[in-house]
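The following exercises introduce a structure step by step. Please attempt each task before reading its solution.

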Amino acid sequence: MIKKSSSNLSSSKKEVSLDRIAEIYRGIGEKNMPKGYWIVHIEIRDKKGYEEYKKASAAHLSKFGAKFLVRGGSQEKLEGSCKPRTVLIEFPDFRAAQLCYKSQEYQKAQALRKQYSVADLVIVEGTNQQII
């Protein structure tokens, strides 16, 4: 059973907090598993409000080993359509990326993001294969 808080551990059942899962993923993810990524295309409608979301999500993303590879910056749309801002976040593995997104803490931050922006977000699994 996965517990959202590590403070209420039961002696009759083995329970693991999301924080502990994130710690485990950070430890083994670099070595054995393909990384997980959030690919996000965002249109910010309220810059000041969006800063609130960034602050609200920062510590929680860090707990799951998130590392920003792209956070805004210049982009050139060559095909199709996309929103004006792109964010690429790397996680130790696909499962850590999923757990982070589905966690109660991130869902609270996400509610802020939805107030101030419109986004398309996908979680993808990377590859361990060397690409030539």
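**Exercise 1: Partners across the sheet**

His 41 stands opposite Thr 86 in E5. This is a predicted model, in which local features need pLDDT of at least 70, side-chain atom pairs count only at pLDDT 80 or more, and totals for chains, interfaces and linings use all residues. Residues are numbered from 1 along each chain as its sequence is written, and side-chain values use heavy atoms, with hydrogens and water left out.

Task: state how E3 and E5 pair, and which residues of E5 stand opposite Lys 67 and Phe 68.

Solution. Step one: strands (E, at least two residues) and helices (H or I, at least four) are DSSP runs numbered from the N terminus, and two strands pair if DSSP finds at least two bridges between them. Step two: seven bridges link E3 with E5 in the antiparallel sense. Step three: E4 and strand E5 (residues 85-91) also run antiparallel, joined by four bridges. Step four: Lys 67 faces Glu 90 in E5, and Phe 68 faces Ile 89 in E5.

**Exercise 2: The sheet and its helices**

Task: give the strand order of the open sheet, explain why one side of E4 and of E6 lacks a neighbour, and name the strands that helix H2 touches.

Solution. Step one: the order is E4-E5-E3-E6, with antiparallel pairing. Step two: strand E4 (67-71) and strand E6 (117-125) are at the edges and each has a single partner strand, so one side of each has no neighbour in the sheet. Step three: from one strand to the next, the twist averages 20°. Step four: helix H2 (residues 47-63) packs on the sheet and touches strand E3 (36-44), E4, E5 and E6, its direction making about 165° with that of E3. Step five: helix H4 (residues 104-116) packs there as well, touching E3 and E6, at about 135° to the direction of E6. Contact means heavy atoms within 4.5 Å; axes are lines fitted to C-alpha atoms, for helices over the stretch in contact, and angles run from 0 to 180 degrees between N-to-C directions.

**Exercise 3: Burial**

Task: determine how many residues of E5 are buried, which residues of helix H3 are buried, and whether Met 33 is buried, partly exposed or exposed.

Solution. Step one: buried means under 20% relative accessible area, exposed over 50%, and partly exposed in between (1.4 Å probe, protein chains only). Step two: six of the seven residues of E5 are buried. Step three: in helix H3 (residues 94-102), Ala 96, Ala 97, Gln 98, Leu 99 and Cys 100 are buried. Step four: Met 33 lies in the loop between helix H1 (18-32) and E3, and its relative accessibility is 26%, so Met 33 counts as partly exposed. Step five: for the chain, buried residues make up 32% of the 132 residues.

**Exercise 4: Confidence**

Task: give the average pLDDT of the chain and consider residues 1-12.

Solution. Step one: pLDDT is the predictor's confidence in each residue, from 0 to 100. Step two: the chain averages 84, and 75% of the residues score at least 70. Step three: over residues 1-12 the pLDDT is below 50, although this stretch has 20 contacts in the model beyond near neighbours in sequence. Step four: where pLDDT is low, the predicted coordinates should not be read in detail.
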